[in-house]
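I sat down with this one to look up where the charges pair off and what shows at the surface. Here are my notes, in the order I took them.

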Amino acid sequence: EAANAHPVVEAANEIRERQQQLAEAWNELQTIVEDRSGQLEGALQIHAFNRDIDEVLGRIGEKEALLMTDDVGEDASSAEALMRRHETFERDLVALQSRVEDITKTADLLSQVFEENAEGIAEQQPNVIESWERLTASCSARKQKLNDSLELHRFLSDTRDLISWMRE
């Protein structure tokens, strides 16, 4: 009976078979494209995460450099000015702290979503945290130095006033 089939019917069957093969190939291609898109999206997220880490570490480094001064003021007024500047510096750190917290949260999320990169992500997180802790420790030490200097200058001023009063 197949030998007696009409050539048009045979051609139609062959066309249907080819259409089915094309549809299967198309579906396979779409799956590959979706997988590749997911991989690229993941790579983009990890790249953005790495860029954010580099940016935050750079900002932390800049802030640390600003704290490396030994200037604590020559008198009470200059010590007070330095203290006000330091308080402004501390307020600026609040924004940086939120970036550090964001990086920590992002690292946790990316480690869960992209398990194959979890180790690399986890290796970077301590660098940011250690740098932040070092910065906050330096900031506290600088504030203490400025407080000590301010107290010393006030004490010296009070002492000069007392000596001057005693001479009168």
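Entry 1. I started with K143, which forms a salt bridge with E90, with the closest N and O atoms 3.4 Å apart. K143 belongs to helix 3 and E90 to helix 2, so this pair ties together parts 53 residues apart in sequence. I looked up exposure too: K143 is partly exposed at 27% relative accessible area, and E90 is partly exposed at 24%. A reminder to myself: this is a predicted model.

Entry 2. Next I checked R134 and E64, whose side chains meet in a salt bridge at 3.1 Å, N to O. R134 sits in helix 3 (residues 118–167) and E64 in helix 1, so the pair ties together parts 70 residues apart in sequence. Is E64 buried or exposed? E64 counts as buried, at 14% relative accessibility, while R134 is partly exposed at 44%.

Entry 3. How many salt bridges does a search of the whole structure find? I noted six. R51, D52, E55 and R99 are linked in a network of them. Within that network I looked up R51 and D52, whose closest N and O atoms are 3.8 Å apart. R51 is partly exposed at 47%, and so is D52 at 25%.

Entry 4. Then I turned to the surface patches. D70, D71, E74 and D75 gather in a negatively charged one. D75 is in the loop between helix 1 (7–66) and helix 2 (76–113), and is partly exposed at 37%.

Entry 5. My last lookup was a nonpolar surface patch of W26, L29 and V33, with about 310 Å² of accessible area together. V33 is in helix 1 and counts as partly exposed, at 44% relative accessibility.

Notes: Residues are numbered from 1 along each chain as its sequence is written. This is a predicted model: local features need pLDDT of at least 70, side-chain atom pairs count only at pLDDT 80 or more; totals for chains, interfaces and linings use all residues. Side-chain values use heavy atoms; hydrogens and water are left out. Patches are made of residues with over 30% relative accessible area and no salt bridge: like charges are joined within 9 Å, nonpolar side chains (Val, Leu, Ile, Met, Phe, Trp, Tyr) within 5 Å. Accessible areas come from the Shrake-Rupley method with a 1.4 Å probe; for residues, only the protein chains shown count as cover. A salt bridge is a side-chain nitrogen of Lys or Arg within 4 Å of a carboxyl oxygen of Asp or Glu. Lys and Arg count as positive and Asp and Glu as negative; His and the chain ends are not counted. The place of a charge is taken as NZ of Lys, CZ of Arg, CG of Asp or CD of Glu. Helices (H or I, at least four residues) and strands (E, at least two) are DSSP runs, numbered from the N terminus. Buried means under 20% relative accessible area, exposed over 50%, partly exposed in between (1.4 Å probe, protein chains only).
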